[in-house]
Amino acid sequence: MAISPPRPKGPPLNALRAFEAAARLGGFAAAAVELSVTPGAVAQHVKALEAWIGADLFERRSQGVALTAVGAAVADDLGSAFDRLGEAVIKMRRLAPGPEIRIATLPSVAQLWLSPRLPRIRQAVPEATVSVIATERPPNTLREPIDLTLFFEEESDRPNCVVVARDTIFPVCAPSIAASIDAVGDLAAMQFLHDTSWADDWTVWLDAAGCVGQFETAGPAFSLYALAVEEAKAGGGVLIGHEPLVRPLLEAGTLVAPFDRRVTLDRPLLLSSAARPQRGSALERLIGVMSAD
């Protein structure tokens, strides 16, 4: 009579993933954001994995967690394993018929820079489906099925990376507001508009103008830059404009730049490809269209 005893089960994949993310990102909260779960769920997964192996992977401290010797010994190995798994999954998708190109970018870039270019993009790659994912932070293209990323980042010498535009900032406002501004000091009587993602914009520009700290810059803050732009267009105040995003509005006269002083930041708009595109492919043509300006 054949005997088939139950085979020992390995740890759940979700528990390994939770541990790897927490180890790489330095804590349960950051891992929870990446995995789209709660920090409590990450903690439970890690606890289950520790119970399975019979050893602690993290030291729990009042200021967070730190890897134990056991955790540190395997963190890099698991990270490489998940990178390889992600690459294999992405490769399967790229080999499938009916190309889909996924672009991840900031919400502001999606709304103000990319959206007007979508008709031209569709013409350039009629055989492909182009999807846009708006996100506040660049995704890990080794793990996520993203083909292109478009973010304001420090310039990089990594391959498959193109500078689309320089991030030059300066105040912008509606023409009716600009009529009351002759000098930087006139801003003291204006409503300052802020974007929460670029909270230091006003400080950077006023410092370059030699006026930082000379008057109060408190004012409404918006979590979506496009909303702040709409408020500026409506005459609600003065906003720091990012040239790649507000250029069409300046050309149309909807917004006005009342000062000549401009500050170029060390974070151009970078278009990055997760993999080197094949010559003549839809991805290569799409990159050409997006980097043409």
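## A walk through a predicted chain

Let us start at a single residue: Ser36 lies in the loop between H2 and H3. Helices here are DSSP runs of H or I with at least four residues, strands are runs of E with at least two, and both are numbered from the N terminus. The model is a predicted one, in which local features need pLDDT of at least 70 and side-chain atom pairs count only at pLDDT 80 or more, while totals for chains, interfaces and linings use all residues. Residues are numbered from 1 along each chain as its sequence is written, and side-chain values use heavy atoms, with hydrogens and water left out.

Back to Ser36, which comes after H2. Its phi is near 60 degrees, a positive value in a residue other than glycine. Is Ser36 buried or exposed? With a relative accessibility of 67%, Ser36 counts as exposed, since buried means under 20% relative accessible area, exposed over 50%, and partly exposed in between (1.4 Å probe, protein chains only).

Now step back into helix H2, residues 28–35, where Phe28, Ala31 and Ala32 are buried. Seen down the axis of H2, these buried residues fall within an arc of 105 degrees, so they line one face of the helix; the arc is that of the directions from the helix axis to the C-beta atoms. Here is a handy rule: an α-helix has 3.6 residues a turn, so residues three or four places apart point the same way. What do the buried residues of H2 pack against? Their partners are helix H1 (13–25), H3, strand S1 (58–61) and strand S2 (64–67).

Strand S2 is home to Leu67, which is partly exposed with a relative accessible area of 30%. Not counting residues up to four places away in sequence, Leu67 touches Phe19, Ala23, Leu57, Phe58, Ala72 and Ala75, where contact means heavy atoms within 4.5 Å. The C-alpha atoms of Leu67 and Ala88 are separated by 28 Å, with the two residues 21 apart along the chain.

Helix H3 (residues 39–53) contains Ile53, and at 36% relative accessibility Ile53 counts as partly exposed. Together with Trp52 and Val70, Ile53 forms a nonpolar patch on the surface, with about 280 Å² of accessible area.

Further along the chain we meet Phe259, in the loop between helix H10 (243–252) and strand S11 (263–264). Phe259 counts as buried, at 9% relative accessibility. Leaving out residues up to four places away in sequence, Phe259 touches Pro171, Ile181, Ala183, Val184, Leu187 and Trp205. Phe259 and Val184 are 75 residues apart along the chain, yet their C-alpha atoms are separated by 7.8 Å.

Asp201 has its place in helix H8 (residues 201–208) and is buried, with a relative accessible area of 5%. Apart from neighbours within four places in sequence, Asp201 is in contact with Ile169, Ile240, His242 and Arg267.

Finally, let us view the whole chain. How many helices and strands does the chain have? There are 11 helices and 12 strands. Of its 293 residues, 40% are buried. Among contacts with a separation of 6 or more, 75% come from residues 24 or more positions apart. The C-alpha atoms fill a box of roughly 95 × 55 × 30 Å, taken along the principal axes.

Notes: Patch = residues over 30% accessible without salt bridge, like charges linked within 9 Å, V, L, I, M, F, W, Y side chains within 5 Å. Areas by Shrake-Rupley, 256 points an atom, 1.4 Å probe, with all protein chains shown as cover. Salt bridge = Lys/Arg side-chain N within 4 Å of Asp/Glu carboxyl O.
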